[in-house]
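Ready for some hands-on practice? Work through the exercises below with the structure open beside you, and try each task before reading its solution.

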Amino acid sequence: MPGIKPLNAALGAQITDIDLNTELSAEQVQFVRDAFHEHIVLLFRGQDLDPAAQMRFTEIFGEVKGHPLKTRRTVDGFPGVLIIENQPGKPGARNDYWHSDISHSPQPPLGSILHAKVVPEGKGDTMFCNMYAAWESLSDGMRDMLDGMKAWHDGAATMARNNNEQNDGLEIREVPPPHLHPVARTHPETGRKALFVNPHFVTHFEDMTAAESRPLIDFLEKHSGRHENIYRHSWRAGDVLMWDNRAAMHYAVLDYTPEDRRLMHRTTAAGDTPY
Ligand code: SIN
């Protein structure tokens, strides 16, 4: 059986003694699933997955779909495997803001899997925060106010990023309409409530203006990203790291330069309608 060790007190665990290139047994799959639901972020070191193997592993959790906005290049023959790359003369499209992947879609992905191929030494970490803990550590008064509220999530932020900067992100011509999601969503597997407000895609709360909403969005970002609520991952080539978009936000630290090469392959597993 695989082994497990927590990454820190906030969230995350490393799974050892498992080769994701092999067909996993039912027991191994159950072990990984249980660990994922308990720890939100899972790390597997020393893996070497080709795109087909990464797809196979992702499909254990949900169907692999391409990005609805077609934001990035994909691996030839694998439209579900996004290339996240920074290379001399071609900086990668930035992700240095707290977000939950593609939360502007009606059914945001359940989780994402990032496989590090090339990493700039000591740079390009990714941070994760625990959104169950963010919800649970709010005051009773704040939770009472937020529970039942909804927020608008808009992909226009991604269009602005891809179209207005010199980067390897593909030009986006159109974004689907924004979507309303509950501010506190119930995790379909654990039954726990998690805060589901990210400052990148959420523009405002239902029946409120953007100006009225922003101070609260800013507060919730600060509250979620408190030092004691995050795990900061320093990448090594060969890492496979998966996170639960229903219970975490992430932030790609942009401390590398356009000359540093960083190459990741990302897949996402389809999720369901937040409730
Ligand atoms: C992402 O936000 O999906 C990418 C994170 C990273 O490049 O570290």
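Buried means under 20% relative accessible area, exposed means over 50%, and partly exposed is in between, with a 1.4 Å probe and protein chains only. Helices (H or I, at least four residues) and strands (E, at least two) are DSSP runs, numbered from the N terminus. What you're looking at is a predicted model, where local features need pLDDT of at least 70 and side-chain atom pairs count only at pLDDT 80 or more, while totals for chains, interfaces and linings use all residues. Residues are numbered from 1 along each chain as its sequence is written, and side-chain values use heavy atoms, with hydrogens and water left out.

**Exercise 1. Find which way each residue of strand 16 points, and say whether these residues are buried or exposed.**

Step one: recall a handy rule. Side chains in a regular strand alternate between the two faces of the sheet.

Step two: sort the residues. R262, M264, R266 and T268 point one way from strand 16, and L263, H265, T267 and A269 point the other way.

Step three: check the cover. Both sets are buried, and the tally is eight of eight residues for strand 16.

**Exercise 2. Work out how strands 5 and 6 are joined to strand 16.**

Step one: take strand 5. Two strands pair if DSSP finds at least two bridges between them. Strand 5 has five bridges to strand 16, and the two run antiparallel. One pair to look up is N86 with its bridge partner R262 in strand 16.

Step two: take strand 6. Here seven bridges lead to strand 16, again in an antiparallel arrangement. Look for H115, which stands opposite H265 of strand 16.

**Exercise 3. List the residues around the ligand and say which polar side-chain atoms lie 2.8 Å from one of its oxygen atoms.**

Step one: collect the shell, where a residue counts as near if one of its heavy atoms lies within 4 Å of the molecule. You should get I84, N95, H99, D101, L114, T126, H250, A252, R262 and R266.

Step two: sort them by type. Ala, Val, Leu, Ile, Met, Phe, Trp, Tyr, Cys and Pro count as nonpolar, Asp, Glu, Lys and Arg as charged, and the others, Gly among them, as polar. The shell then splits into three nonpolar, four polar and three charged residues.

Step three: look at the distances. H250 has a polar side-chain atom 3.0 Å from a ligand oxygen. For R262 the distance from a polar side-chain atom to a ligand oxygen is 2.8 Å, and for R266 it is 2.8 Å too.

Step four: see how covered the ligand is. On its own it exposes 260 Å², and the protein buries 99% of that; such areas come from the Shrake-Rupley method with a 1.4 Å probe, and for residues only the protein chains shown count as cover. Strand 15 (248-252) and strand 16 (262-269) are the elements that give two or more residues to the shell.

**Exercise 4. Explain why strand 14 is described as largely enclosed, and find its partners.**

Step one: count the buried residues. Strand 14 (240-244) has five of its five residues buried, so the rest of the structure largely encloses it.

Step two: split them by direction. V240, M242 and D244 point one way from strand 14, while L241 and W243 point the other way.

Step three: follow the bridges. Strand 3 is joined to strand 14 by four bridges and runs antiparallel to it; V41 has W243 as its partner there. Strand 6 is also antiparallel to strand 14, with five bridges, and S112 has W243 as its bridge partner.

**Exercise 5. Locate I40, give its phi, and decide whether it is buried or exposed.**

Step one: find the loop. I40 sits between helix 1 (26-39) and strand 3 (41-44).

Step two: read the angle. Although I40 is not a glycine, its phi is positive, at about 75 degrees.

Step three: check the cover. The relative accessible area of I40 is 2%, so it is buried.

**Exercise 6. Describe the surroundings of H204.**

Step one: place it. H204 belongs to strand 12 (residues 202-205), and its 22% relative accessibility makes it partly exposed.

Step two: list its contacts, meaning heavy atoms within 4.5 Å. Leaving out residues up to four places away in sequence, H204 touches A151, W152, T209, A210, S213 and I217.

Methods
A polar contact is a pair of N or O atoms within 3.5 Å; within protein, one must be able to donate a hydrogen and the other to accept it, and residues adjacent in sequence count only if both atoms are side-chain atoms.
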